[in-house]
Amino acid sequence: MIHLAPMTQALALAQRATGVSEPNPRVGCVLVSASGEVLGAGHTQVAGGAHAEVMALRDAKQRGHMVEGTTAYVTLEPCSHHGRTPPCVEALIEAGLARVVVALRDPNPLVAGQGVARLRAAGVEVVMLPPDDVLALQSAELNIGFLSRMVRQRPWVRMKVAASLDGQTALGNGVSQWITGAAARADGHLWRARAGALLTGIGTVLDDDPRLDVRLGAHEREGQVQPARVVLDSRWRTPPQAKILAPTAPVLIYGLAPDEADAAARARRQALVEQGAQAIDVAGQGVGPAAQVHLGEVLADLGRRGVNELHVEAGARLNAAFIEGGWVDELLLYLAPKVLGPGRGLADLSPLTQLSEAWALSFRDVATVGEDLRVLARPVGAGDFIFHKT
């Protein structure tokens with residue numbers, strides 16, 4: 001018999017790994033006796049620390065419970081390889097578990113069914129939830145960035161925008177603080193906290209001088225760290241005194257390699273390195289003065305660096321580049337009950353000639369946050385890679 005309550009509890013535990021376990025997936029595990037009693041539970045710790053299965057086994061031992069012959073409910077297939085820690089399948093096999101119920105297959109090429117195979121080879125019964133099971137889908141949603149990095153080799157890109165009802169993100173003179181209320185701003189920091197990196201463009205750095213970190217009470221879990229901060233700055237114009245360079249988290253600045261003859265650009269780049277930033281040369285798109293860093297190259301590099309979810313808070317030009325390039329997986333939009341009139345829109349998109357050319361999205365969630373409206377939407381087909389539909 002499969003008990004649904006333990007898997008639900010395991011998912012709640014996995015949620016607590018958000019902002020803690022990166023770049024590892026968010027996993028929860030619950031150990032249950034034949035009668036349904038919970039014997040131990042845990043979630044994945046900071047990278048290099050214990051995984052969910054080991055934490056659950058430790059918890060059961062501390063409670064004085066024997067786990068031989070019991071069932072483990074785990075939200076993601078147990079790992080079968082040596083990474084920063086030994087394979088979790090070995091710990092489960094050595095503990096003498098009779099059965100393991102798994103919510104979701106791990107697409108990591110180092111696992112990808114091998115965890116299940118090793119358990120079964122050791123005589124452990126393995127039950128996989130169907131891919132369309134609601135708990136399997138919840139596990140996938142919780143780890144959508146990790147799945148994206150494993151399957152597509154790039155982060156899940158979430159674009160956050162705060163706007164008025166008529167779609168303005170700032171007045172014509174650039175004033176934008178604050179269009180939305182305090183509750184929406186605090187909620188936005190919770191979304192920042194689940195990302196592996198926060199990205200903006202040089203225009204926002206020069207106009208607003210943001211810190212681009214997690215504040216407003218969003219960092220409350222033990223072990224949670226600040227996400228890396230990313231600036232797209234093709235010509236290395238970030239001021240060395242910019243707030244975003246404050247040493248609270250790694251800062252990655254992506255730009256075009258300066259020409260040998262461009263001593264000024266090379267000096268600006270070096271000044272940022274001396275401030276502690278990592279200066280990363282990437283290929284450009286476009287030619288001449290209009291050339292900008294190639295977003296696909298940036299995303300691929302962030303994927304190699306272990307960034308699962310990328311949270312974008314940028315200006316209209318960079319937002320348009322992400323949208324028109326097909327790089328946005330999710331739109332997080334806060335709408336204030338205000339009408340501003342002429343101002344700055346959320347994206348400087350190229351004009352269309354047909355309605356059929358519009359960026360088509362589907363609503364995932366709509367909720368009120370304080371006095372504002374939060375809309376979560378995805379481009380049609382986004383997320384299909386989770387179960388290899390593409």
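**Figure 1. The whole chain at a glance.** Among contacts between residues at least 6 apart in sequence, 71% link residues at least 24 apart. This is a predicted model, and its secondary structure adds up to 11 helices and 18 strands. A compact globule of 390 residues would have a radius of gyration near 21 Å, and the 23 Å found for this protein agrees with that. Put a box around the C-alpha atoms along the principal axes and you get roughly 65 × 50 × 40 Å. Of the 390 residues, 51% count as buried. The accessible surface comes to about 17800 Å², with 54% of it belonging to carbon and sulfur atoms. As for charge, there are 37 positive and 40 negative side chains, and the centres of these two sets sit 2 Å apart.

**Figure 2. Thr-44, tucked into a loop.** Here we zoom in on the loop between strand S2 (38–43) and helix H2 (52–63), which is where Thr-44 lies. Is Thr-44 buried or exposed? Its relative accessibility is 3%, and buried means under 20%, so Thr-44 counts as buried. The Thr-44 side chain reaches over to the backbone nitrogen of Ala-52, at 3.4 Å. Leaving aside residues up to four places away in sequence, Thr-44 touches Ala-17, Ser-21, Asn-24, Pro-25 and Val-27, along with Ala-50, His-51 and Ala-52.

**Figure 3. A cis peptide bond at Pro-23.** This view shows the loop between helix H1 (4–15) and strand S1 (28–32), home to Pro-23. Which residue is joined to Pro-23 by a cis peptide bond? The partner is Glu-22, and omega for that bond is about 5°.

**Figure 4. Helix H6 and the residue that follows it.** H6 is mostly covered, with 7 of its 9 residues buried. Those buried residues are Ile-144, Gly-145, Phe-146, Leu-147, Ser-148, Arg-149 and Met-150. What do they pack against? The list has helix H5 (134–142), S6, H10, S14 and strand S18 (372–379). Right after H6 comes Gln-153, with a positive phi near 60°, and this is a residue other than glycine. Gln-153 is placed in the loop between helix H6 (144–152) and S6. With a relative accessible area of 48%, Gln-153 is partly exposed.

**Figure 5. Ala-184 and its partners from far along the chain.** Ala-184 belongs to helix H7 (residues 182–193). At 2% relative accessibility, Ala-184 counts as buried. Although Ala-184 and Leu-335 are 151 residues apart along the chain, their C-alpha atoms are separated by 9.1 Å. Which residues does Ala-184 touch, not counting those up to four places away in sequence? They are Tyr-334, Val-369 and Asp-372.

**Figure 6. Leu-212 and Asp-213, side by side in a loop.** Leu-212 sits in the loop between helix H8 (202–208) and S9, and Asp-213 lies in that loop too. Leu-212 has a positive phi of about 50° although it isn't a glycine. With a relative accessibility of 3%, Leu-212 counts as buried. Asp-213 is also buried, with a relative accessible area of 4%. What does the side chain of Asp-213 pair up with? A polar contact of 3.1 Å joins it to the side chain of Arg-211. Not counting residues up to four places away in sequence, Asp-213 touches His-189, Arg-192, Leu-198 and Gln-226.

**Figure 7. Helix H11 and what its buried residues pack against.** This close-up takes in helix H11 (residues 316–324), whose buried residues are Ala-316, Leu-318, Asn-319, Ala-320, Phe-322 and Ile-323. In an α-helix there are 3.6 residues a turn, so residues three or four places apart point the same way. The buried residues of H11 pack against five strands and a helix by name: strands S6 (156–164), S8 (197–201), S9 (228–232), S14 (309–312) and S16 (343–345), plus helix H10 (295–304). Just past H11, Gly-326 takes a positive phi of about 75°.

Definitions and conventions. Residues numbered from 1 in each chain as written. Predicted model: local features only at pLDDT ≥ 70, side-chain atom pairs only at ≥ 80, totals over all residues. Heavy atoms only, no water. Helix = DSSP H or I, 4+ residues; strand = E, 2+ residues; numbered from the N terminus. Buried < 20%, exposed > 50% of the residue type's maximum accessible area, 1.4 Å probe, protein only. Polar contact = N/O pair within 3.5 Å; in protein donor to acceptor, adjacent residues only side chain to side chain. Contact = heavy atoms within 4.5 Å. Rg over C-alpha atoms; globule rule 2.2 N^0.38 Å. Areas by Shrake-Rupley, 256 points an atom, 1.4 Å probe, with all protein chains shown as cover. Lys, Arg positive; Asp, Glu negative; His and termini not counted. Charge placed at Lys NZ, Arg CZ, Asp CG, Glu CD.
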